[in-house]
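Q: I would like to learn how to read a structure. Where do we begin?

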Amino acid sequence: MGAHAHPEHPHRYTLSAPALPTSPRLCRDFVRGIFAASGLSQLADAAALCTSELVTNVHRHGKGDVRMAATVQHDRVRVTVHDDSPELPSPRRAANDETNGRGLFLVTALSDVCGMTPDEPTEGTGKAVWFEFNVPPTHKKSPA
């Protein structure tokens, strides 16, 4: 029992998925599993939702396969979604009846920090979109 020890050295998990309609769900479940295994179940749903939005963006607008990485550190978890399109997604305000266009606003609202990084010329022409969740300091036993 008790909270999981958080790694001093980052634990890195990676997943590659084809840009298919089923990929957001696969990536979401992957991230949810990582958060749960890291003792961060309370953040798993929000992280899964953010992941799903970013992977859906790649499926709709990106190029090539989805490459995803999750890095678990003692104070934060970063999830990065990479694709081969150089186009940076632009957040646009969704009308009330629209279901599309909310993705990046949702990620911004739910995560502690998020951003976009174009590939270095040596890496290719794509980009990475990432978000981080801070590990809550409540991992110490609180008096009941």
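**Salt bridges and the sheet**

A: This is a predicted model. Begin with one pair: D75 forms a salt bridge with R76, and their closest N and O atoms are 3.2 Å apart.

Q: What is the general idea behind such a pair?

A: Side chains of opposite charge can pair when their charged atoms come close. In this structure, a search of the whole model finds seven salt bridges.

Q: Which residues are linked with D75 and R76 in a network of salt bridges?

A: The network of salt bridges links D75, R76, R78 and E132. Within this group, the side chains of E132 and R78 meet at 2.7 Å, N to O. E132 lies in strand β5 and R78 in strand β3, so this salt bridge ties together parts that are 54 residues apart in sequence.

Q: Is E132 buried or exposed?

A: Look at the relative accessible area; under 20% is called buried, and over 50% exposed. E132 has 8% relative accessibility, so E132 counts as buried. Its partner R78 is partly exposed, with 28%. D75 is also placed in the partly exposed class, at 31%, and R76 is partly exposed at 27%.

Q: Which salt bridge links helix α1 with helix α2?

A: The side chains of R32 and D45 meet in a salt bridge, with 3.2 Å from N to O. R32 is in helix α1 (residues 23–37) and D45 is in helix α2, 13 residues apart, and the pair links distant parts of the chain. R32 is partly exposed at 31% relative accessibility, whereas D45 is exposed, with a relative accessible area of 53%.

Q: How should I read the strands of a sheet?

A: Strands of a sheet pair through backbone hydrogen bonds, either parallel or antiparallel. Here five strands form an open sheet in the order β1-β2-β3-β5-β4, and the pairing is antiparallel.

Q: Which strands stand at the edges?

A: The edge strands are β1 (11–17) and β4 (113–118); each has a single partner strand, so one side of each is left without a neighbour in the sheet. From one strand to the next, the twist averages 15 degrees.

Q: How many bridges join β1 and β2?

A: Seven bridges join β1 to β2 (residues 66–72), in the antiparallel sense. To find the register, pick one facing pair: A17 stands opposite V66 in β2.

Q: Where does helix α2 lie relative to the strands?

A: Helix α2 (residues 41–61) lies across β2, β3 (76–83) and β5 (127–134). The helix runs at about 170 degrees to β5.

Technical notes. Residues are numbered from 1 along each chain as its sequence is written. This is a predicted model: local features need pLDDT of at least 70, side-chain atom pairs count only at pLDDT 80 or more; totals for chains, interfaces and linings use all residues. Side-chain values use heavy atoms; hydrogens and water are left out. Two strands pair if DSSP finds at least two bridges between them. Helices (H or I, at least four residues) and strands (E, at least two) are DSSP runs, numbered from the N terminus. Axes are lines fitted to C-alpha atoms, for helices over the stretch in contact, and angles run from 0 to 180 degrees between N-to-C directions. Contact means heavy atoms within 4.5 Å. A salt bridge is a side-chain nitrogen of Lys or Arg within 4 Å of a carboxyl oxygen of Asp or Glu. Buried means under 20% relative accessible area, exposed over 50%, partly exposed in between (1.4 Å probe, protein chains only).
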